[in-house]
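Student: I have a two-chain model open and I'd like to learn how to read it. Could you walk me through it?

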Amino acid sequence: MAEYTSPELLTINAARLLRDGDVVFVGVGLPNLACNLARRTHAPNLVMIYEAGIIGAQPARLPLSIGDPTLVSGALSVCGMYDIFALYLQRGNVDVGFLGGAQIDRFGNINATVIGEYDHPKVRLPGSGGSMEIAAWANRCYIITPHQKRRFPEKVDFRTSAGFLSHRKEREEAHLRGGGPQAVVTDIGILQPDTNGELILTALHPNKTVEDAKANTGWGLRIASNLEFTEPPTERELTILRDELDPQRIYLKGGE
Amino acid sequence: MSKVYSLSEAIAKFVKDGDLIYAAGFTHLIPFAAGHEIIRQRRRDLILARATPDLIYDQMVAAGCARKVIFSYMGNPGVGSLRIVRAEIEAGNLEWEEYSHFGMISRLQAGATGLPFMPMNPTAAGDLERVNSKYRQVIDPYSGEPVVVVPALKPDVAIVHVQRCDADGNSQIWGIIGEQKEAAFAAEKVIVTTEEIVDENVIRSDPNRTLIPGFIVDAICHVPYCAHPSYTQGYYDRDNAFYLQWDEISKNRESVKNYLDEWVYGVRDRQEYWEKLGEEVHNRLKVTPRLSEVVNYGSY
């Protein structure tokens with residue numbers, strides 16, 4: 001079996017969740033790599049759109065910020081910020097959104113705003129950006145994150161964006177357009193919502209254990225009865241990532 | 001009367017202490033030279049609004065220009081934390097008002113279109129609406145369902161950097177167009193900084209590319225390389241190395257002070273700043289041309 005780093009494992013598993021033809025609201029870093037990997041493997045017709053107002057980007061180099069000029073050159077369309085959120089996201093033209101945050105709780109709610117009290121922050125985080133709307137209106141949301149106890153509390157300090165709120169029913173009653181988080185890809189495995197909207201462990205990566213997952217989750221993590229094991233990263237996936245997409249290992253190097 | 005000013009004249013004439021400033025640009029076309037000029041002229045108590053405060057507001061906050069920031073994503077794009085704004089907020093020294101990107105841009109959209117507020121579909125997240133009372137819910141009179149509303153944002157001054165404009169301020173932008181048009185239409189006064197001032201005929205040759213009409217522009221400043229370390233599509237690249245470097249500089253007060261002394265107070269204007277950056281940086285940020293196909297408007 002090939003050697004790989006934790007970011008490589010996350011990226012490859014995120015890429016496999018994407019479907020051909022998906023319109024994806026992309027962020028820089030691992031989501032961008034995952035989309036480009038999917039485009040070069042099983043999803044050649046994936047459409048990448050960026051909150052900077054870029055539709056159908058085909059970056060010729062690795063974008064280093066959400067507004068990198070390489071995203072514009074060769075794109076299908078460029079629009080203003082109001083339009084990207086209104087015409088594309090709010091209107092329901094986005095299939096997939098990627099989200100991240102400092103905390104993800106039992107029901108997939110995300111905190112990207114503050115640790116501690118809002119008015120007297122212990123740690124002030126960057127804030128919502130587009131994540132409040134992506135979480136509400138993209139048809140499917142995926143979260144990519146290292147699996148650590150402090151990142152997976154029972155309840156987030158601040159709910160920047162909605163998962164299933166307190167229960168799947170509560171999200172359904174809010175009549176949001178999007179379906180909410182469909183999977184959380186971590187370096188231990190994959191969490192997915194059960195019928196109540198609670199995140200449970202549905203798959204483990206090679207050489208990881210249920211105990212690893214439980215020990216690194218801040219609530220009593222439940223295990224799916226049909227727990228699966230992810231396929232190890234293939235040579236082809238690793239080669240595309242390493243040789244074509246991030247040759248300088250800016251996002252793919254080991255560590256966090 | 002000509003609206004063409006030097007940047008220093010325009011800032012002196014149009015930016016007052018206490019003003020609400022919107023220096024536009026989503027990663028692209030951020031008017032850093034104008035931020036530096038405001039620092040040099042020692043404006044105080046400004047309210048600085050931008051979706052992404054970026055390094056321009058980090059530097060202005062570090063220099064003591066601001067009493068408040070309004071934002072929707074406070075990070076160093078592609079790098080991490082925006083250290084000065086973050087530290088000042090954590091220390092309780094800086095007021096802030098916070099939105100999601102759509103909330104922020106909807107405020108500008110309302111301001112730009114002369115509406116009192118802008119409705120958005122609910123997101124159910126709840127907490128940002130709870131802590132920021134400018135977010136309200138009202139009932140859609142047609143469906144009876146709730147919608148979220150935010151009030152119009154009307155900056156005293158918008159500063160917008162563009163690729164090219166004519167001497168009347170008819171301004172053309174391409175690449176990421178972010179919120180430039182909305183900021184300009186929402187503001188009381190508009191300062192345009194431009195890479196090039198071109199003949200009116202150049203503008204008229206491609207009217208679809210004109211986002212800002214000259215008659216809403218108050219000042220036009222010819223400032224090549226105004227956006228560095230941000231970028232101008234087709235003119236020069238983003239200086240990602242500087243964004244990384246600022247992450248180090250902004251870790252302590254002494255190095256921030258040294259930076260401001262050397263690169264802001266220590267230079268007269270953008271031209272001197274650009275020359276000081278030197279050939280290595282100039283070459284690194286050069287862009288290979290990639291031209292669009294010409295479009296045919298037809299002669300009628």
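Tutor: Let's go feature by feature, from whole chains to single residues. Keep in mind that this is a predicted model.

Student: Fine. How many helices and strands does chain A have?

Tutor: Chain A has 7 helices and 14 strands. Its radius of gyration is 18 Å, close to the 18 Å that the globule rule gives for 256 residues, so chain A is as compact as a globular protein of that length. If you prefer a box, the C-alpha trace of chain A spans about 45 × 45 × 35 Å along its principal axes.

Student: And what does chain B contain?

Tutor: Chain B has 11 helices and 15 strands. With a radius of gyration of 20 Å, close to the 19 Å from the globule rule for 300 residues, it is as compact as a globular protein of that length. The box filled by its C-alpha atoms is roughly 65 × 60 × 35 Å along the principal axes.

Student: Which domains does the assignment give for chain B?

Tutor: Domain 1 covers 4-101 + 153-284, and domain 2 covers 117-151. So you can picture the spacing, the centres of domain 1 of chain B and domain 2 of chain B are 31 Å apart over C-alpha atoms.

Student: Now the interface. How many residues does each chain bring to the contact?

Tutor: People often describe the size of an interface by the accessible area lost when the parts come together. Here we'll count residues: 40 come from chain A and 42 from chain B. On the chain A side, α3 (81-90), β9 (121-124) and α4 (131-137) each supply at least two residues. By class, the residues of chain A that touch chain B divide into 22 nonpolar, 12 polar and 6 charged.

Student: Let's do sheets. In what order do the 10 strands of the open sheet in chain A run?

Tutor: The order is β4-β3-β2-β1-β5-β10-β11-β12-β13-β14, and the pairing is mixed. β4 (77-78) and β14 (223-229) of chain A stand at the edges with a single partner strand each, so one side of each has no neighbour in the sheet. For one pair inside that order, take β5 (residues 96-99) and β10 (residues 140-144) of chain A, which run parallel and are joined by 4 bridges. One bridge you can click on pairs G97(A) with C141(A) in β10(A).

Student: Which strands does helix α2 of chain A lie across?

Tutor: Helix α2 (residues 30-40) of chain A lies across β1 (23-26), β2 (47-50), β5 and β10 of chain A, and it runs at about 155° to β1(A).

Student: Chain B has an open sheet of 3 strands. What is its order?

Tutor: β8-β10-β9, with antiparallel pairing. β8 (117-120) and β9 (136-139) of chain B are at the edges, each with a single partner strand, so each has one side without a neighbour in the sheet. From one strand to the next, the twist averages 40°. β8(B) and β10 (residues 146-151) of chain B are joined by 4 bridges; M118(B) has V150(B) as its bridge partner in β10(B). Helix α5 (residues 101-113) of chain B packs on this sheet, touching β8 and β10 of chain B, and its direction makes about 140° with that of β8(B).

Student: How do I read two helices packed together?

Tutor: You give the angle between their axes and the distance between the axes. Helix α2 (residues 32-40) of chain B packs on α3(B) at about 5°, with axes 10 Å apart. That makes the two roughly parallel. The contact uses F32(B), G35(B), I38(B) and I39(B) of α2(B) with I56(B), Q59(B) and M60(B) of α3(B). That is 5 nonpolar, 2 polar and no charged residues.

Student: Are α3 and α4 of chain B roughly parallel or oblique?

Tutor: Helix α3 (residues 54-62) of chain B meets helix α4 (residues 83-90) of chain B at about 50°, with axes 7 Å apart. They are therefore oblique. Y57(B), D58(B), V61(B) and A62(B) of α3(B) touch I84(B), V85(B) and E88(B) of α4(B). This contact has 5 nonpolar, no polar and 2 charged residues.

Student: Last one: which backbone details should I look up?

Tutor: Try the peptide bond between H228(B) and P229(B), which is cis with omega about 10°. P229(B) sits in the loop between β15 (219-222) and α9 (240-249) of chain B. Then go to R249(A), a residue other than glycine with a positive phi near 55°. You'll find R249(A) in the segment after α7 (235-245) of chain A.

Technical notes:
Residues numbered from 1 in each chain as written. Chains lettered and ligands numbered in written order. Predicted model: local features only at pLDDT ≥ 70, side-chain atom pairs only at ≥ 80, totals over all residues. Domains from an automatic or database assignment. Axes fitted to C-alpha atoms, helices over the stretch in contact; angles between N-to-C directions. Parallel < 35°, antiparallel > 145°, perpendicular 65-115°, else oblique. Contact = placed C-beta atoms within 7 Å. Nonpolar A, V, L, I, M, F, W, Y, C, P; charged D, E, K, R; others polar. Pairing = 2+ DSSP bridges. Rg over C-alpha atoms; globule rule 2.2 N^0.38 Å.
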